[in-house]
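Ready to practise reading a protein structure? Work through each exercise yourself before you look at its solution.

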Amino acid sequence: MTTASEPGTDHTLLRDALGRLKDREEVAERLLEASRKHSFDPDVELDWDAPYEEGKWFWPPELVSLYDTPLWHRMPEEQRMDLARHEAASLASLGIWFEIILMQLLVRHIYDKPLTSSHVRYALTEIADECRHSLMFGRLINLGGSNPYPVSRLNHNLARVLKTVSTTPGSFACTLLGEEILDWMQRLTFPDERVQPLVRGITRIHVVEEARHVRYAREELRRQMVSAPRWERALTRLSAGEAARVFSVAFVNPQVYTDVGLDRREALAQVRASAHRREVMQTGARRLTDFLDEIGVLRGVGRRLWISSGLLAA
């Protein structure tokens, strides 16, 4: 098995099922250039003082968890829109939780890397992006009039374990899990004129900047799955599958149903039974699962965990 050297000295041509991998430093330099041209300060770019527009959604209705269920059809329009508002707050809360995890994993990744390399410089640039995103999401929650929706204590502590034991490829697989599904949803959101302008502006910024983060994570995960020892690749498959299971459970905090006056048990049962919701989640994950499958992450027990999460069709 050919192994990769550190950034700046990697002249070996690594290949996987997708073809030849690009030099690590070359990828980072391109991403740094893109960051210089297309980075945003949400405090300046967005009009936080503009009033919300009457009759506009905080999240596209088709992406609301109960959409097209029997319960959804019984709900008045006002309650549907209220649920969308609370689910937007829940997703923003999930985003902050996830980005804090991601920042810690990135810091761990670069700890032993050459300090002045472009690879490290881009990781630090991404961390700065994620700080701004978390501040932006927190501000949206406050302005939207909802409470934050932290993940359950169990999932909070499972993530603590994951951060401790995660391999480098496992860290990048989990990074993509959190970024790509939400990215797919946000690409539907920012051009949607039914949605509040502030929410559209937030999702536009996030989509533009996350595209770079996804590129960085994909390239590094490909490299790691070629060069890592067999035990590390096996652990990555398992940890990524468990992360998918936790992520799917935590995606919408069930407290949102109580907060809009719905029976939580009935709502959860209808979400689990919803063919539309299953299709939304699997479609949102498909680009990622296709990629992970091609580079050898979706195998064995890990693959079964992805299927049990509902993000991958059996």
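Two helices count as roughly parallel when the angle between them is under 35 degrees, roughly antiparallel over 145, roughly perpendicular from 65 to 115, and oblique for the rest. The model is predicted, so local features need pLDDT of at least 70 and side-chain atom pairs count only at pLDDT 80 or more, while totals for chains, interfaces and linings use all residues. Residues are numbered from 1 along each chain as its sequence is written, and side-chain values use heavy atoms, with hydrogens and water left out.

**Exercise 1. Work out how α4 and α5 are oriented to each other.**

Step 1: Find the helices. Helices (H or I, at least four residues) are DSSP runs, numbered from the N terminus. Helix α4 covers residues 77–110, and helix α5 covers residues 118–144.

Step 2: Look at the axes, which are lines fitted to C-alpha atoms over the stretch in contact, with angles from 0 to 180 degrees between N-to-C directions. The axes of α4 and α5 come within 9 Å and cross at roughly 160 degrees.

Step 3: Apply the cut-offs. α4 and α5 are therefore roughly antiparallel to each other.

Step 4: Add the handedness. A crossing is left-handed if the near helix is turned anticlockwise from the far one by less than a right angle, and right-handed if clockwise. For α4 passing α5, the crossing is left-handed.

**Exercise 2. Compare the span of α5 with the expected one, and see what follows the helix.**

Step 1: The expected span is 1.5 Å times one less than the number of residues. With its 27 residues, α5 is expected to span 39 Å.

Step 2: From first C-alpha to last, α5 reaches 38 Å, close to that expectation.

Step 3: Just after α5 comes G145, with a positive phi near 80 degrees.

**Exercise 3. Decide how α6 and α9 pack, then do it again for α7 and α12.**

Step 1: The axes of α6 (residues 153–165) and α9 (residues 230–250) come within 11 Å, crossing at roughly 160 degrees. That makes α6 roughly antiparallel to α9.

Step 2: Here contact means heavy atoms within 4.5 Å. On the α6 side the contact is made by N155, L158, L162 and V165, and on the α9 side by residues including L235, S239 and A243. The crossing of these two helices, α6 and α9, is left-handed.

Step 3: Now take α7 (residues 168–189) and α12 (residues 275–294), whose axes come within 9 Å and cross at roughly 125 degrees. That makes α7 oblique to α12.

Step 4: Among the residues in this contact are L177 and W184 of α7, together with T283 and L288 of α12. The crossing of α7 and α12 is right-handed.

**Exercise 4. Sort R222, R80, E53 and D68 into buried or partly exposed.**

Step 1: Recall the cut-offs: buried means under 20% relative accessible area, exposed over 50%, and partly exposed in between (1.4 Å probe, protein chains only).

Step 2: R222 lies in helix α8 (residues 197–227). Its relative accessible area is 9%, so R222 is buried. Beyond its neighbours within four places in sequence, R222 has contacts that include D16, R20 and F291.

Step 3: R80 belongs to helix α4. At 16%, R80 is buried too. Not counting residues up to four places away in sequence, R80 touches W57, W72, H73 and M75.

Step 4: E53 sits in the loop between α2 and α3. With 34%, E53 is partly exposed. E53 and V195 are 142 residues apart in sequence, yet 9.1 Å apart in space, C-alpha to C-alpha.

Step 5: D68 is in the loop between α2 (42–45) and α3 (70–74). At 43%, D68 is partly exposed. Its positive phi is about 65 degrees, although D68 is not a glycine.

**Exercise 5. Find which residues touch the most other members of the largest nonpolar core.**

Step 1: A nonpolar core is a set of buried Ala, Val, Leu, Ile, Met, Phe, Trp, Tyr and Cys residues joined through side-chain atoms within 4.5 Å. In soluble globular proteins, nonpolar side chains tend to be buried together.

Step 2: Of the 87 residues in this core, L66, L177, L221, F251, Y257, L292 and W306 touch the most other members. Helix α4 gives the most to this core, with 16 residues.

Step 3: Take L177 as an example. Leaving aside its neighbours within four places in sequence, L177 is in contact with A243, A244, F247, L288, W306 and L311.
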